[in-house]
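Welcome, and please take a moment to look over the sequence and the model below. We will walk through them together, starting with the whole and ending with single residues.

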Amino acid sequence: MNPEDSRERLLAAAARVLADQGFAGTTTRRVAEEAGLNEVTLFRHFGTKERLLAEAVRAHGAGERPVSLPAEPSDPVTELSTWCHAHLERLRGAQALLRRCLGEQEQLPLVDVPDEAGADQAATELRGYVTALRRTHRIQVEAPLEAAAITMLVSALLVDGLARDDFPGVVTEDAATAGAAYARTFLTMVGLSASQR
């Protein structure tokens with residue numbers, strides 16, 4: 001087996017074991033067995049358990065953004081709804097692993113969970129989108145309201161994507177239509193009227 005295949009098998013196994021067993025239950029022996037390899041190979045690739053787990057979360061956490069917001073908005077409701085839905089699907093796909101990491105941050109100092117969940121990247125992308133909306137749709141939004149809207153949308157995506165079942169009274173929109181609901185609310189908050197959509 002080539003080194004890259006071994007590495008990928010170890011990362012996938014580490015992500016599965018960490019999501020299922022947590023930091024304490026994720027031993028290097030268990031990960032190596034799950035991957036069908038030996039511990040020597042694991043240590044040759046990663047050096048430490050902590051580094052292995054950090055790389056496993058990076059590789060198998062929420063992953064790359066499947067959709068980006070356009071630089072020039074043309075259909076804000078559709079564009080933002082699609083973007084929100086893609087973020088929710090991505091977070092839901094990595095829910096067990098990211099939730100485990102959130103609950104065990106002290107044991108996983110090399111893992112930046114908000115970064116792996118894409119929170120900072122999403123906020124940065126939304127700021128750029130609002131700037132483009134100002135230019136193309138001539139919206140006027142005050143800085144505090146814009147910041148609040150961005151924070152609320154990113155937070156809503158994180159709560160819905162990672163903990164929907166834990167907040168049934170808060171996350172009331174159907175999972176299939178939540179992205180569109182969040183997009184419409186956000187666009188209203190930043191001052192995009194129905195006639196501008």
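Helices and strands are here DSSP runs, numbered from the N terminus, with at least four residues for a helix and at least two for a strand. Read that way, the elements of the protein run α-α-α-α-α-α-α-α-α-α from the N terminus on. The tally is 10 helices and 0 strands. Please keep in mind that this is a predicted model.

Now for the overall picture. The C-alpha trace spans about 65 × 35 × 30 Å along its principal axes. The protein has 197 residues, and 45% of them count as buried. Among contacts with a separation of 6 or more, 72% are between residues 24 or more positions apart.

To follow how the helices sit together, it helps to know what to look for. Two packed helices are described by the angle between their axes and the distance between the axes.

Let us begin at helix α1, residues 3-25, and its partner helix α2, residues 28-35. Their axes lie 8 Å apart and make an angle of about 140°. That angle makes α1 oblique to α2, and the crossing of the two is right-handed. On the α1 side, the residues that meet α2 are Arg9, Leu10, Ala13, Ala14, Arg16, Val17, Gln21 and Gly25; on the α2 side they are Arg30, Val31, Ala32, Glu34 and Ala35. By class, the residues of this contact between α1 and α2 are 7 nonpolar, 2 polar and 4 charged.

Helix α1 also packs against helix α4, residues 49-60, at an angle of about 100° and with the axes 8 Å apart. These two helices are therefore roughly perpendicular to each other. From α1, the residues Arg7, Leu10, Leu11, Ala12, Ala14, Ala15, Leu18, Phe23 and Ala24 take part. From α4 come Lys49, Glu50, Leu52, Leu53, Glu55, Ala56, Val57, Ala59 and His60. The contact of α1 with α4 counts 13 nonpolar residues, 1 polar and 4 charged.

Between those partners in the sequence is helix α3, residues 39-46, the home of Thr41. Is Thr41 buried or exposed? Its relative accessibility is 9%, so Thr41 counts as buried. Leaving out residues up to four places away in sequence, Thr41 touches Ser6 and Leu10.

Next, find helix α5. Its 18 residues reach 26 Å from the first C-alpha to the last, close to the 26 Å expected at 1.5 Å a residue. Its buried residues include Pro76, Leu80, Trp83, Cys84, His87 and Leu91. Which helices do the buried residues of α5 pack against? They pack against α6 (95-103), α7 (113-117), α8, α9 and α10.

Two of those partners, α8 (residues 119-137) and α9 (residues 143-163), also pack together, at an angle of about 135° and with axes 10 Å apart. That makes α8 oblique to α9, with a right-handed crossing. Here Ala119, Ala122, Ala123, Leu126, Arg127, Val130 and Arg134 in α8 meet Glu146, Ile150, Leu153, Val154 and Leu158 in α9. The residues of this contact between α8 and α9 divide into 9 nonpolar, no polar and 3 charged.

Two charged residues there are worth a visit. Glu146, in α9, counts as buried because its relative accessibility is 10%. Apart from residues up to four places away in sequence, Glu146 touches Arg127, Val130, Arg134 and Val141. Arg127, in α8, has 42% relative accessibility, so Arg127 counts as partly exposed. Beyond its neighbours within four places in sequence, Arg127 is in contact with Glu146 and Ile150. For a sense of distance, Arg127 and Ala32 are 95 residues apart in sequence and 43 Å apart in space, C-alpha to C-alpha.

Our last stop is helix α10, residues 178-189. At 1.5 Å a residue, its 12 residues should span 16 Å, and its end C-alpha atoms are 16 Å apart, which agrees. Ala178, Gly179, Ala181, Tyr182, Ala183, Phe186 and Leu187 are buried in α10. The buried residues of α10 pack against α5 (76-93), α8 and α9. Just after α10, Gly191 takes a positive phi of about 95°.

Methods:
Residues are numbered from 1 along each chain as its sequence is written. This is a predicted model: local features need pLDDT of at least 70, side-chain atom pairs count only at pLDDT 80 or more; totals for chains, interfaces and linings use all residues. Side-chain values use heavy atoms; hydrogens and water are left out. Axes are lines fitted to C-alpha atoms, for helices over the stretch in contact, and angles run from 0 to 180 degrees between N-to-C directions. Angles under 35 degrees count as roughly parallel, over 145 as roughly antiparallel, 65 to 115 as roughly perpendicular and the rest as oblique. A crossing is left-handed if the near helix is turned anticlockwise from the far one by less than a right angle, and right-handed if clockwise. Contact means heavy atoms within 4.5 Å. Ala, Val, Leu, Ile, Met, Phe, Trp, Tyr, Cys and Pro count as nonpolar, Asp, Glu, Lys and Arg as charged, and the others, Gly among them, as polar. Buried means under 20% relative accessible area, exposed over 50%, partly exposed in between (1.4 Å probe, protein chains only). The expected span of a helix is 1.5 Å times one less than its number of residues.
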